[in-house]
Amino acid sequence: MRNKVTTIEKVIAEKCFTGMSVLLPGFVNVGVAESLIDGLLATDITDLTVISNNTSVPGRGIGKLVRANRIRKITCSHIGNNAETCEKVVKGEINITFCPQGSLCEKVRAGGAGIGGILTPTGVFTPMQDGKQLLEWDNEKGEFKFVKPDDPAVGPRYILELPLHADVAFIHAWKADTLGNVVYRRTSRNFNEVFATAADYVIVEAEHIVEVGELDPDQIMTPHFIVDAVVQGKALTEA
Amino acid sequence: MSCDLTGKDLIAWRTARFFKDGNVVNLGIGMPTKCLDYLPEGVDIWIDTENGAVGLNGAPQPGEDFDPNVVDAGGRPSKLRVGSACFDSFRSFGFIRGGHVDITVLGAYEVDARACLANWMIPGKAAAGMGGAMDLVTGSKTTIVMSTHTDKNGNPKLVHKTELPWTGWRCVDYFVSELAVIHFIKDEFGIPRPHLEEISKNTTINEVIQKTGAALIVDRDIRILEDA
C-alpha cells in the first residue's frame with residue numbers, strides 16, 4: 001500500500017512552480033494550510049494565481065503570501081479582514097476577481113466534478129453578471145434561452161458560472177492517514193473538502209497523521225485516491 | 001406589554017420578533033447579532049453560519065476552554081451548542097440557495113422601492129467583497145434588513161431607486177428601522193411593493209413617509225412597532 005507521507009520541502013520543490021495556480025481553502029484563519037504556505041515562502045516561487053475565499057488577516061495564513069508579494073491574481077469573495085490585500089488591490093499589485101462565496105464553491109465543485117458549468121440565481125442583476133452568459137427558463141416552451149442583461153426578467157434567471165481548476169491545492173486536515181484519507185474538524189472543514197477535488201496535484205497537511213485503518217470509512221470526508229501527498233502540519237492554536 | 005427600547009436596540013428587539021421557535025437564522029456581522037440579546041421568551045433558534053455550521057452559541061468567555069477550529073462568519077472564535085452540526089462550504093451554500101435557511105438578517109447601504117438591496121460596494125471606494133451575502137439574500141426564505149431609518153446625514157436608507165450596485169435583486173422582505181416596519185409584498189405582476197405595517201409609538205405616519213425615499217403604500221391598519 002502506498003505511503004504518501006513526504007516532507008513540505010520536498011513536495012514544494014518537486015510540485016510547485018512560479019506562475020502556478022493554487023487552491024487555498026480556509027475561512028479567515030481557520031482551515032488554512034499554513035505550514036505549506038510557510039514552505040512556499042521559504043522558496044522563490046512567486047507570481048501565484050490564487051483561488052481562495054479570502055486572504056486571512058495581515059501576516060497570517062494567506063496573508064503571509066500577500067505581504068511577501070507572491071500573489072499576482074486572486075479569485076475570492078472577501079478581503080475585508082486584510083487591509084494589506086485591499087491596499088495592494090487598489091495599487092494594482094494584485095489583480096482581483098470577486099465571486100460570491102456560494103458561486104465560488106460551485107465553480108470549484110464543477111471543476112472537480114467534470115461539470116461544464118453551473119446555473120445560479122446568485123448575482124443576477126448585480127455586477128457579478130458582467131461579462132457572463134445569462135439564461136432564463138421559459139416555462140411555456142420548457143427550455144432555457146440566453147438573454148441579455150437589459151432584457152426584462154420574465155422567468156427564473158440564472159448566471160452561467162464556469163468551472164475553476166488549479167495546478168495545485170494546499171489542503172488543511174485535522175487527521176490524515178498515510179494513504180491520504182482525510183478528516184476535517186469543525187468549521188476548519190470549510191472550503192477544504194471541495195477544493196481538494198479540483199487540482200492536478202493535491203497536497204494535504206494534517207495536524208495528525210495516523211496509520212491506515214485508524215479512520216472509520218464512514219467518517220472520511222476526502223478519500224485517498226484524490227490526494228497525492230500528505231505532510232505534517234501544525235495545529236491551530238488561535239482562531 | 002410595550003417595549004421601551006430605542007434606536008438600534010429597538011430595531012434588534014423588533015427584528016427578533018420575526019423569529020419562530022426552531023427557525024434557522026443567519027445573522028450578518030454587526031447590528032444583526034444584537035437580535036440575540038432580545039430573543040422572545042420560548043423562542044429557541046438555530047444560528048447558521050455560512051462557513052459551515054448550524055448551532056453557534058456565542059463567543060467563549062475569557063479563560064473558557066474553546067476549540068479554535070470553530071469560528072463565526074466574521075472569523076471570530078465561537079462555541080457550538082448541543083445538537084449543532086458542521087458541514088463543508090459548498091453544502092452550506094447549497095442549504096442557503098436551496099431555501100433551507102428560514103431567515104437572513106443583514107444591514108444595508110440602501111434598499112430601493114422594488115426590494116433591491118445594496119450593501120456590498122460603493123463605486124469609487126475600495127470594495128471588501130460580498131462574501132456570502134449575495135447567496136444569502138437570493139436563497140433565504142425571508143430576508144430582513146435592519147437599518148436606521150436615515151443615515152447620519154439624514155438621508156433615507158429606503159430610497160426610490162438606488163444608484164449603488166445591488167447585492168440582490170427584489171430580495172428584501174422586511175425593512176425594520178427604529179421608526180417603522182415596512183413589508184415588501186408582491187403585486188399582481190409579481191413586483192415587490194413597500195407596504196407600511198408598523199410605526200414606532202414615538203413617530204407618526206407622516207414623519208415616516210417624509211423620512212422615506214420610496215413611496216410607501218399605506219393600505220392597512222398601522223400597528224405600533226413596540227407592541228409587536
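Two residues are in contact here if their C-beta atoms, placed from the backbone, lie within 7 Å. With that in hand, welcome to a set of close-up views of a predicted model.

**Figure 1. Chain A as a whole, with six helices and twelve strands.** Let us start with the overall picture. Among the contacts of chain A with a separation of 6 or more, 74% are between residues 24 or more positions apart. The C-alpha trace spans about 60 × 45 × 30 Å along the principal axes of chain A. A compact globule of 239 residues would have a radius of gyration near 18 Å, and the 19 Å of chain A agrees with this. Of those 239 residues, 51% count as buried.

**Figure 2. The two domains of chain A.** Domain 1 of chain A is made of two stretches, 8–100 + 164–232, while domain 2 covers 118–161. How many Å separate the centres of domain 1 and domain 2 of chain A? Taken over C-alpha atoms, the separation is 32 Å.

**Figure 3. Strand β9 of chain A and its covered setting.** This strand runs over residues 166–177, and ten of its twelve residues are buried. Which strand of chain A is joined to β9(A) by ten bridges? That partner is β11(A), residues 199–210, and the two strands run parallel. For a spot to look at along this pairing, find H172(A), which stands opposite E205(A) in β11(A). Strand β1 of chain A, residues 21–24, also pairs with β9(A) in the parallel sense, here over two bridges. In this second pairing, A169(A) in β9(A) has L23(A) opposite.

**Figure 4. The hairpin of β9(A) and β10(A).** Here the sense of pairing is antiparallel, with two bridges joining β9(A) to β10(A), residues 182–183. One place to pick out is A176(A), whose bridge partner in β10(A) is V182(A). Four residues lie between the strands of the hairpin. If you check the backbone angles, look at G180(A), which takes a positive phi near 115°.

**Figure 5. The surroundings of L23(A).** Which residues does L23(A) contact once its neighbours within four places in sequence are left aside? They are I51(A), V108(A), A166(A), A169(A), F195(A), A198(A) and A199(A). A169(A) thus appears here as a contact, and A169(A) is also the residue that L23(A) stands opposite in β9(A).

**Figure 6. The largest nonpolar core, with 127 residues.** In soluble globular proteins, nonpolar side chains tend to be buried together. The members that touch the most other members are L23(A), A169(A), F170(A), I171(A), I203(A), V204(A) and L117(B). β9(A) gives the most to this core, with eight residues. Domain 1 and domain 2 of chain A each supply at least three residues to this core.

**Figure 7. Where chain A meets chain B.** Now for the contact between the chains, which takes 42 residues from chain A and 32 residues from chain B. On the side of chain A that touches chain B, at least two residues come from each of α4 (83–90), α5 (101–113) and α6 (192–195) of chain A. Which of these gives the most to that side? It is α5(A), with five residues. By residue type, the side of chain A that touches chain B divides into 20 nonpolar, 15 polar and seven charged.

**Figure 8. Chain B as a whole, with four helices and 13 strands.** The radius of gyration of chain B is 18 Å, close to the 17 Å from the globule rule for 228 residues, so chain B is as compact as a globular protein of that length. The C-alpha trace of chain B spans about 55 × 45 × 35 Å along its principal axes. Of the 228 residues of chain B, 46% count as buried. Residues 24 or more positions apart make up 63% of the contacts in chain B with a separation of 6 or more.

**Figure 9. A closer look at V24(B), in strand β1 of chain B.** The strand covers residues 24–27. V24(B) counts as partly exposed because it has 19 C-beta neighbours inside 10 Å, whereas 20 or more would make a residue buried. Not counting residues up to four places away in sequence, V24(B) touches W46(B), D48(B), V54(B), V101(B) and D102(B). V24(B) and I103(B) are 79 residues apart in sequence, yet their C-alpha atoms are 6.6 Å apart in space.

Methods
Residues numbered from 1 in each chain as written. Chains lettered and ligands numbered in written order. Predicted model: local features only at pLDDT ≥ 70, side-chain atom pairs only at ≥ 80, totals over all residues. Nonpolar A, V, L, I, M, F, W, Y, C, P; charged D, E, K, R; others polar. Pairing = 2+ DSSP bridges. Rg over C-alpha atoms; globule rule 2.2 N^0.38 Å. Core = buried A, V, L, I, M, F, W, Y, C linked by C-beta atoms within 7 Å. Domains from an automatic or database assignment.
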